[in-house]
There are 2 protein chains.
Amino acid sequence: MPDVFKKYLSEKGGITDLQFDKIEPFLFERKIKKGETILEQGEVCKNAWFVEVGCLRSYVTDKKGKEYIFQFAPENWWISEQNSLHKNEPSLLSIDALENSSVVVIGANFFEQLPVPAGANNNFRHVILQNRLYSLQKRIIYLLSATAEERYIDFLNTYPALSQRLSQKLIASYLGITPESLSRVRKELFKKN
Amino acid sequence: MPDVFKKYLSEKGGITDLQFDKIEPFLFERKIKKGETILEQGEVCKNAWFVEVGCLRSYVTDKKGKEYIFQFAPENWWISEQNSLHKNEPSLLSIDALENSSVVVIGANFFEQLPVPAGANNNFRHVILQNRLYSLQKRIIYLLSATAEERYIDFLNTYPALSQRLSQKLIASYLGITPESLSRVRKELFKKN
DNA sequence: AAAGTTCATTGATGTAGGATAAGAAATGGA
DNA sequence: TCCATTTCTTATCCTACATCAATGAACTTT
């Protein structure tokens with residue numbers, strides 16, 4: 001069933017079809033409707049999710065009810081609340097679907113079950129963690145040092161497909177600005193080009 | 001020699017004295033003078049460093065020469081440029097010493113050499129990565145959603161010792177504000193208490 | 001197709017924090 | 001110990017972005 005995930009594991013993790021057959025019984029797919037929430041801020045996160053179709057997001061809500069998007073997860077991305085999953089602590093983030101989506105549900109011990117391909121040491125998991133670390137690092141640097149316009153341009157380069165699929169309201173929330181400001185930033189950008 | 005590191009490995013990684021003796025030949029200590037740079041933006045990072053004494057920082061410099069501090073590393077912290085180390089790409093960050101410091105130099109393959117303690121799977125490395133991930137996540141959420149004052153209070157809570165050791169200029173650069181603004185924030189805080 | 005929502009844009013106005021400048025306090029080097 | 005440098009503070013003005021409000025366009029829902 002989970003063909004996108006199978007392909008991902010093969011390409012990124014070097015997992016063969018044979019090895020995949022062994023872990024398939026532990027996997028299952030889940031459909032998530034647009035707007036449906038799969039993790040609520042304050043709950044303990046029990047899974048990670050791999051997105052095969054659609055797009056999810058993780059976000060915080062502050063006291064005033066304002067939402068700040070931490071991460072988008074379109075096809076081939078992982079999403080979860082690492083710290084909650086790892087330490088059984090309450091999650092800082094909520095996770096919901098921005099489009100009708102299909103995900104593979106990954107249990108906490110998935111990577112222990114995953115066979116280690118010949119030749120490779122088990123650093124597939126590390127590669128995933130390292131990549132995430134890098135994208136968070138880049139995000140922090142941009143939040144510290146770049147203007148709203150620079151951050152928007154970076155977003156367009158980093159997620160060219162998403163800029164077509166998501167509303168500006170969502171993109172603004174990811175950039176840390178209001179939708180009104182994003183509208184003005186875009187106006188300025190169009191003027192320049 | 002590297003007693004602080006030995007203690008750290010024992011407490012956090014479950015490494016026994018006997019096991020430590022096996023890896024000690026691969027370790028060496030390095031003294032870094034205040035102001036000395038050990039990694040320059042654009043270079044490829046070949047090591048990670050574990051701080052035994054003193055304090056280092058990693059930071060970016062923008063086109064105008066303004067510095068933004070990504071991370072502080074006092075005693076018992078790791079510092080490095082993960083992405084550069086991992087993929088042999090040019091580093092986004094520079095690393096230098098804020099105090100006269102003593103570090104353990106850790107090669108890229110250190111964790112492969114590290115013996116796996118009985119009973120534990122080799123998730124010591126994961127725990128380190130997960131903790132770092134969590135602190136970056138928290139930082140992003142604060143940068144997105146909190147005021148300068150809230151971020152300063154969070155800094156005081158997260159690094160109570162550092163607020164005594166570091167100049168306000170450095171703390172401001174970590175918070176993403178100017179030293180003048182931090183001075184005002186502090187004035188307001190004192191007024192309230 | 002009408003009515004209710006949500007979304008994007010625009011304008012007017014407000015504000016947190018930046019830029020600049022200058023004096024005071026602390027630190028450091030010879 | 002004195003001079004130089006760096007750090008911290010305070011004041012004034014400025015700017016990027018927020019807030020509030022209004023309008024039309026684009027969706028949902030019935």
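Q: Which helix gives the most to the surface near DNA strand C, and what makes a residue count as near?
A: Helix 9 of chain A gives the most, with four residues. A residue is called near a strand if one of its heavy atoms lies within 4 Å of that strand. The helix is a DSSP run of H or I with at least four residues, a strand of the protein is a run of E with at least two, and both are numbered from the N terminus. This is a predicted model, in which local features need pLDDT of at least 70, side-chain atom pairs count only at pLDDT 80 or more, and totals for chains, interfaces and linings use all residues. Residues are numbered from 1 along each chain as its sequence is written, chains are lettered from A and ligands numbered from 1 in the order in which they are written, and side-chain values use heavy atoms, with hydrogens and water left out.

Q: Which residues come nearest to DNA strand C, and what part of the strand do they meet?
A: There are 16 residues around DNA strand C, and Gln168(A), Lys169(A), Ala148(B), Glu180(B) and Ser181(B) come nearest. Of the atoms of DNA strand C within 4 Å of the protein, 67% belong to sugar and phosphate.

Q: Why is the pair between Ser181(B) and DNA strand C called a polar contact?
A: A polar contact is a pair of N or O atoms within 3.5 Å; within protein, one atom must also be able to donate a hydrogen and the other to accept it, and sequence neighbours count only through two side-chain atoms. An N or O atom in the side chain of Ser181(B) is 2.4 Å from a phosphate oxygen of DNA strand C, so the pair meets the cut-off. Thr178(B) has a polar side-chain atom 3.1 Å from a phosphate oxygen of DNA strand C, and for Ser183(A) the value is 3.3 Å. Two or more residues of the surface near DNA strand C come from each of helix 8 (168-175) and helix 9 (179-192) of chain A and helix 9 (179-192) of chain B.

Q: What makes up the surface near DNA strand C by class?
A: Two residues are nonpolar, seven polar and seven charged. Ala, Val, Leu, Ile, Met, Phe, Trp, Tyr, Cys and Pro count as nonpolar, Asp, Glu, Lys and Arg as charged, and the others, Gly among them, as polar.

Q: Which residues are closest to DNA strand D, and which polar atoms lie by its phosphate oxygens?
A: Of the 16 residues that surround DNA strand D, Ala148(A), Thr178(A), Ser181(A), Arg184(A) and Gln168(B) are the closest. Sugar or phosphate accounts for 77% of the atoms of DNA strand D within 4 Å of the protein, and bases for the rest. A polar side-chain atom of Ser181(A) is 2.4 Å from a phosphate oxygen of DNA strand D, and one of Gln168(B) is 2.7 Å from a phosphate oxygen of that strand. Lys169(B) places a backbone N or O atom 3.2 Å from a phosphate oxygen of DNA strand D. Helix 9 of chain A, helix 8 (168-175) of chain B and helix 9 of chain B each give two or more residues to this surface. Helix 9 of chain B has the largest share, four residues.

Q: How do you know that the two chains are related by a rotation axis?
A: A turn of 180° with a shift of 0.0 Å along the axis lays chain B on chain A with an RMSD of 0.0 Å. The two copies are therefore related as by a two-fold rotation axis. The superposition is by least squares on C-alpha atoms of residues with pLDDT of at least 70 in both copies. The copies meet through the same surface, because 100% of the interface residues of chain B are also interface residues in chain A.

Q: Why are strand 1 and strand 6 of chain B said to stand at the edges?
A: Chain B has an open sheet of four strands in the order 1-8-3-6, with antiparallel pairing. Strand 1 (28-32) and strand 6 (78-79) of chain B each have a single partner strand, so one side of each has no neighbour in the sheet.

Q: What makes strand 3 and strand 6 of chain B a pair?
A: Pairing needs at least two bridges found by DSSP. Strand 3 (residues 47-53) and strand 6 of chain B are joined in the antiparallel sense over two bridges, so they qualify as a pair. Phe50(B) is opposite Trp78(B) in strand 6 of chain B.

Terms used:
Contact = heavy atoms within 4.5 Å.
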